[in-house]
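Let's take a walk through the pockets of this protein together. Have the model open beside you as you read.

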Amino acid sequence: MAESPLSPDQIEEYRRDGVTLLPSLLDASTLGRLHETIDSIVAGAVESGDTSILELEPEEVDGKAVARRIYDPCERHQVFRKLCSDTRILDAVECLIGPDISLHHSKLNMKPPRVGSAVEWHQDLAYFPHTNDDLVTALVYLDDASIENGCLQVIPALHHAYLDHHDEAGQFSGLITDEAFTSRAAPARPLPAPAGSVILMHCLLPHSSLPNRSRDGRRTLIFEYRACDAVPILYSPRAAVTEEKARLLRGRPARSARLAGPPPLLPRLDGDKSLYQLQEETLARQAVENPPGA
Ligand SMILES: O=C(O)CCC(=O)C(=O)O
């Protein structure tokens, strides 16, 4: 890596707030290729009803099913594999977690116009704790992201501890249930930015996004990177599937796991539900337990 791809201010912002934004990193022709590929994957999967590739929004648009997530895009097409090791992104990630980098997983959230689902407050690492917290989530906006179409929002500087994501019965709920967090006063910081911008976010930073009721989609491609010596500590059927797809992108595999960062909370997570399903079930349960106005 010749010149540092992140300025000292961006590195300081990431360390202090747990997030930094690289505005307009990708050009229009790269975005065009990604859009074409996504359209063809979605059209094929919706037509064949293949739910192993994508998850659908619960609401239809004009009587048609619409996608809310493409699972593992790096497994689907080389355009995504190429982008996850694009030097502009990977050099920036190297500044934050060092030279030995693997891809933990990828996903693509579609947030379609009018019916795009919300994502509730959560920490990524709560779903897949590791021996240290040198994991960076890169969120690549493929469309202009605004407050109206549900851009990402974060609570800056809250990335130094695992927060509880379990309900009163001790089951993993997919969203933050920690009392101190849910009653907090800290304001959310929305991160609107043009298509092609990349957000680099610490894996413990609480984040969420509002539903999209606007006429504009907000597709976001997500790469979860980790230092090679950050080793998953959760043994589960889902973790086994994820690990099969994890890939070394740069540097060397680790010979030993590094123990560092805050003590990981272990998710009590049965089955293989998506983030959206877990969060929706939790909200439905909470609404029954604490009806509005009760
Ligand atoms: O797409 C979003 O708004 C947030 C994505 C996210 O946090 C996730 O899928 O884990």
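**Two pockets to explore**

Let's begin with the second largest pocket, which has a volume of about 360 Å³. Keep in mind along the way that this is a predicted model. To find the spot on your screen, look for D167, E168, T177, Q286 and E289, the residues nearest the centre of this pocket among the 16 that line it.

Which elements each supply at least two residues of this lining? They are α7, spanning 179-182, and α9, spanning 275-289. Of the elements, α9 gives the most, with four residues. Sorted by class, the lining of the second largest pocket comprises seven charged, six polar and three nonpolar residues.

Now move over to the largest pocket, where about 620 Å³ of space is found. Its lining is made up of 27 residues, and you can centre your view on R69, H105, R238, T242 and D272, which lie nearest the middle of the pocket. Two strands and two helices give two or more residues each to this lining: β3 (67-71) and β4 (101-109), along with α6 (124-127) and α8 (237-245).

Which element gives the most to the lining of the largest pocket? That is α8, with six residues. As for chemical character, the lining of the largest pocket has ten nonpolar residues, nine charged ones and eight polar ones.

To recap as you rotate the model, α9 is the top contributor to the lining of the second largest pocket, while α8 has that role in the largest pocket.

Note on methods: Residues are numbered from 1 along each chain as its sequence is written. This is a predicted model: local features need pLDDT of at least 70, side-chain atom pairs count only at pLDDT 80 or more; totals for chains, interfaces and linings use all residues. Side-chain values use heavy atoms; hydrogens and water are left out. On a 1 Å grid over the protein atoms alone, a cavity is a set of points where a 1.4 Å probe fits but cannot get out, and a pocket is an open set with protein on both sides within 12 Å along at least five of seven lines; lining residues have an atom within 4 Å of a point. Grid points are joined across faces, edges and corners, and a volume is the space filled by probe spheres set on the points. Ala, Val, Leu, Ile, Met, Phe, Trp, Tyr, Cys and Pro count as nonpolar, Asp, Glu, Lys and Arg as charged, and the others, Gly among them, as polar.
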